[in-house]
Amino acid sequence: MPSDLIWVESLLYRLITAPAGVEEGLAQEQSLTSGGLAQVIAGDARLSAAERVDIYANMYFYRLLDVLKEDFPATLAILGAERFHNLVTGYLIEYPPAHFSISYAGEHLADFLRDHPLRDEFPFLADLARLERALIEVFHAPDATPLDAEQMRAIAPQDWPLLNLRLHPASRILDLRWNVAPTLHAVAQAEEPSHPPREDTVMLVWRNHNRVYYRALDAAERAQLALISNGATFAEICEMIAAGVEERDPAIAINQRLETWLRGGVLLPA
Amino acid sequence: MKREDFPFLGFGVGLRRDHYVHILENNPPVDWFEILAENFMVAGGRPLEVLDGIRARYPLVMHGVSMSIGSTDPVRRDYLHELKALARRVEPAWISDHLCWTGVGGRNLHDLLPLPYTREVVRHVAARIREVQDFLERPLLIENVSSYMAFNDSTLTEWEFLAEIAERADCGILLDINNIFVSAFNHRFDARTYIDAIPRERVIQFHLAGHSDHGTYLLDTHDHPVRDEVWDLYAHAVRRFGAVSALVEWDDNIPEFERLMETANRARAIHQSVQAEAPRDAVRSHLG
């Protein structure tokens, strides 16, 4: 392993990712001799050594900024370009990309926003970013053939009670404190987004025929899907649905719920 | 590796998301596509569905941007596992990545950074290419990158560096004609000297793309048409290397698909016209 190469790659990494630019990064640099960067990188009359490294520093930041703008369009719309730019500057210091795929660049943005000063003005922002990130995760999540009505019919009715179900891997249940879905929807429709109301909301994000959807869940359906994600049997799920209906026929309630899930493709046979 | 082990695919274009629907609905007459491997190194969903649909109709080549073959970090096994799994699915004509480093210390810059051109680095990179080729059980093509900085420690030219690594690693070369043009301007070398020094039997693919002019330097942006000077350089490369599969890349300000096809067809026309020169040259050389 060439030790000089380790040193030069590490130096360039620090300079390219220096938050206030290459010059400021150079001022902090302890490892360079008095000859400075020009000892390492060849400059000329057209571009100095630092200006050449600066080309890479700009590409680093703006490539990631573009990716995050694309991945978090509603967060961007709420904040505006300048505040989003500053947010990304801080985010990349805290969470520099480590994965080989750039699509993971935004995986920690919601966590970063949770304690960010922007929270004072936009307390819903972490929830909004979390929903946006979930859409991406579900888009790329593993394939699996969901249980459909035809498959259910093919199972003998006496075997239904012990049938184990689970949630499709391309689904997420998000417990949010703000009802951010209308904000996301408005941005998707190219409308002016409004600030969401403070309202505990559970969102289901799922993929069906390779399209990603999201909708709010009520407390009952949230509990039922939680039961399914723990590997419950069909009988246990039916019991829970039946216990929740007051004046309606439990069979109708079970049927309706099952139809929604089968049509949405959110269930898998365990 | 032997050049004859690689098929001549003709004139292709880089597969980009903007064109998925158009390609699947219209089956445009393109010779082949190159995919960006990382875009399809996902667990499931729409990208893989598109990939399978396109693979069923066209030859594909896998082109990566994250192998970081010049890094001093260990070669990432998780990356190689996913790359190999994708190759099993795609059965590409070949796999390529860049002669560069993209990160260090477990961090990723998501950019293609140049290396010091020294014999020590030649040995380092060549050993890593061999490691990758052993793991993938197939030869790798390495691509020359555009660069904006050069190292005072370099003792070799870029073309010597590329050629020596390819020989030592016994790998193929993806020669990016635009990158040679861009780097020739940025570092003031002669692009034809570069092309003339690359071993003929190792060049398996060409890249063609546009760049942007920033006055003091050229930037490899893939957002413009291929410049006439790059077409001239391509013709020069075809004269030297003969029938090499060529591919048009366009990554930003992506035009309609027809525009990409026109560009691929221009590459074809230049190739054919250079090939037509060959007998005359041969006669001249015989008489001379």
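A crossing of two helices is called right-handed if the near helix is turned clockwise from the far one by less than a right angle. Keep that in mind for two helix pairs below.

This model is predicted. It scores ipTM 0.94 and pTM 0.94. Chain B averages a pLDDT of 95, and 96% of its residues score at least 70.

Start with the barrel in chain B. Here 8 strands close into a ring of parallel pairings, in the order E1-E2-E3-E4-E7-E8-E9-E12. Neighbouring strands of this sheet are turned by 30 degrees against each other on average, ignoring direction. In general, strands of a sheet pair through backbone hydrogen bonds, either parallel or antiparallel.

Now look at where the barrel closes. Strand E1 of chain B covers residues 11-14, and strand E12 of chain B covers residues 245-248. The two run parallel, joined by 3 bridges. Find B:Val13: opposite this residue, in E12(B), stands B:Val248. B:Val13 also has a bridge partner in E2(B), namely B:Phe33. E1(B) and E2(B) pair in the parallel sense over 2 bridges.

Step on to the next pair. Strand E2 of chain B spans residues 33-36, and strand E3 of chain B spans residues 60-63. They pair in the parallel sense over 4 bridges. One position to find is B:Glu34, which stands opposite B:Val61 in E3(B).

Next, add a helix. Helix H4 of chain B, residues 119-136, lies across two strands of chain B, E4 (95-98) and E7 (140-143). The helix runs at about 140 degrees to E7(B).

H4(B) also meets another helix. The axes of H4(B) and helix H5 of chain B, residues 158-169, come within 9 Å and cross at roughly 40 degrees. Therefore H4(B) is oblique to H5(B), because an angle counts as roughly parallel under 35 degrees and as roughly perpendicular from 65 to 115. The crossing is right-handed. From H4(B) come B:Val122, B:Val125, B:Ala126, B:Ile129 and B:Arg130. They meet B:Phe161, B:Glu164, B:Ile165, B:Arg168 and B:Ala169 in H5(B). By class, this contact holds 7 nonpolar, no polar and 3 charged residues.

Turn to chain A for another helix pair. Helix H3 of chain A covers residues 49-71, and helix H5 of chain A covers residues 81-94. Their axes come within 10 Å and cross at roughly 115 degrees. So H3(A) is roughly perpendicular to H5(A). H3(A) passes H5(A) in a right-handed crossing. Which residues of H3(A) meet H5(A)? They are A:Leu64, A:Leu65, A:Leu68 and A:Lys69. Their counterparts in H5(A) are A:Phe84, A:His85, A:Val88 and A:Leu92. The contact of H3(A) with H5(A) has 6 nonpolar, 1 polar and 1 charged residues.

Finally, bring the chains together. How many residues of chain A are in contact with chain B? There are 40, and they touch 35 residues of chain B. Three helices of chain A, H1 (3-16), H3 and H7 (125-140), each supply at least two residues of the side that touches chain B. H1(A) gives the most to this side, with 9 residues. By class, the side of chain A that touches chain B has 27 nonpolar, 6 polar and 7 charged residues. H3 of chain A thus appears twice on this tour: it meets H5(A), and it supplies residues to the side that touches chain B.

Note on methods: Residues numbered from 1 in each chain as written. Chains lettered and ligands numbered in written order. Predicted model: local features only at pLDDT ≥ 70, side-chain atom pairs only at ≥ 80, totals over all residues. pLDDT = per-residue confidence, 0-100. Pairing = 2+ DSSP bridges. Axes fitted to C-alpha atoms, helices over the stretch in contact; angles between N-to-C directions. Contact = placed C-beta atoms within 7 Å. Parallel < 35°, antiparallel > 145°, perpendicular 65-115°, else oblique. Nonpolar A, V, L, I, M, F, W, Y, C, P; charged D, E, K, R; others polar.
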